[in-house]
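Reader: Please take a close look at one loop of this model and the stretches on either side of it. Then set that part against the rest of the chain.

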Amino acid sequence: MPTPVRVLILEERASDAELMVHELAQAGFEPNWQRVETETDYIAQLQAVPDVILADHNLPGFGAPQALELLKEHGLDIPFIVVTGSINEEVAVERIKQGAADYILKDRMARLGAAVKHALQEKKLREGKRKADEEIKRNLERIRALHEINLAITSTLNLRSVLDFLVERLDS
C-alpha cells in the first residue's frame, strides 16, 4: 500500500516536477503534490505544511537558497531536498549546512525516493526527541513542585502553615 505524502515542488519545468512525482510513486509513495515557481506561491503553499519540499537550486529570481531561508524564517521543520541539474560539491555542502536534508542530481533521480524516506524518518526522530524533551521538562517541574511541598511539610510542625502553603501552591 503506497504511503501518502504531501509534496511541495519548487520547479520551473512541469516535466521535471512530473518526473519527481513519478520517482516518488516508484518508491512506494502516493504523492499529493503542488508545483510552484515563485516566492509568493511558495510562501502560500507553506501554509498547507507539506511533508517534504523538493526544490530546484536555480530558478529565475528564486531558488533553493532563498526557499531554505524562508522555511527557517517561518520556523517550520519540513524536510527540504535540493533537486538540481547541476551543482558543485561546495554548493551542495552549503545547502546542507543551510538546512537541506539532501540533494539529488536530476540525472540520478532514482535516488529521490530513498532520500525522501530518509528525510521523513529523520523528521520523525526529531519530533520524537522534541516530545521526549517536553515530557522531561514537565516531569522536572513536577519534581520541583513535590520537592517544595516536601520541604514545606518537613520544615514545620504547624499544620496550618503546611495547608496554607499547599493551597497557595495549588492556586498558582
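Author: Helices (H or I, at least four residues) and strands (E, at least two) are DSSP runs, numbered from the N terminus. Residues are numbered from 1 along each chain as its sequence is written. The model is predicted, so local features need pLDDT of at least 70 and side-chain atom pairs pLDDT 80 or more, whereas totals for chains, interfaces and linings use all residues; side-chain values use heavy atoms, without hydrogens and water.

The loop in question runs between β5 and α5, and arginine 108 is found there. Arginine 108 has a relative accessibility of 53% and counts as exposed (over 50%; buried is under 20%, partly exposed in between, with a 1.4 Å probe and protein chains only). From its C-alpha atom to that of valine 83, which is 25 residues away in sequence, the distance is 9.6 Å.

On one side of the loop is strand β5, residues 102-105, which includes leucine 105. Leucine 105 is buried, at 19% relative accessible area. Apart from neighbours within four places in sequence, leucine 105 is in contact (heavy atoms within 4.5 Å) with Thr84, Gly85, Ser86 and Ile87. For threonine 84, 21 residues from leucine 105 along the chain, the C-alpha separation is 5.1 Å.

On the other side is helix α5, residues 112-155. Lysine 137 lies in this helix and is exposed, with a relative accessibility of 54%. Its C-alpha atom is 40 Å from that of aspartate 56, a residue 81 positions away in sequence.

Helix α5 also takes part in the largest pocket, where four residues, the largest share of the lining, come from it. That pocket holds about 220 Å³ of space. Its lining has 15 residues, and Asp77, Ile78, Gly99, Ala101 and Arg126 are the closest to its centre. Helix α3, residues 64-73, likewise gives at least two residues to the lining. By class, eight lining residues are nonpolar, three are polar and four are charged. Here Ala, Val, Leu, Ile, Met, Phe, Trp, Tyr, Cys and Pro are nonpolar, Asp, Glu, Lys and Arg charged, and the others, Gly among them, polar. On a 1 Å grid over the protein atoms alone, a pocket is an open set of points where a 1.4 Å probe fits, with protein on both sides within 12 Å along at least five of seven lines; lining residues have an atom within 4 Å of a point. Points are joined across faces, edges and corners, and the volume is what probe spheres set on them fill.

Another loop, between α2 (39-46) and β3 (52-55), contains valine 49. Valine 49 is not a glycine, yet its phi is positive, about 50°. Most residues other than glycine have a negative phi. At 33% relative accessibility, valine 49 is partly exposed.

Along the sequence, the whole protein reads β-α-β-α-β-α-β-α-β-α-α. Its radius of gyration (over C-alpha atoms) is 24 Å, well over the 16 Å that the globule rule (2.2 Å times the number of residues to the power 0.38) gives for 172 residues, so the protein is more spread out than a compact globule. Along the principal axes, the C-alpha atoms fill a box of roughly 80 × 40 × 30 Å. Of the 172 residues, 35% are buried. Among contacts with a separation of 6 or more, 65% join residues 24 or more positions apart.
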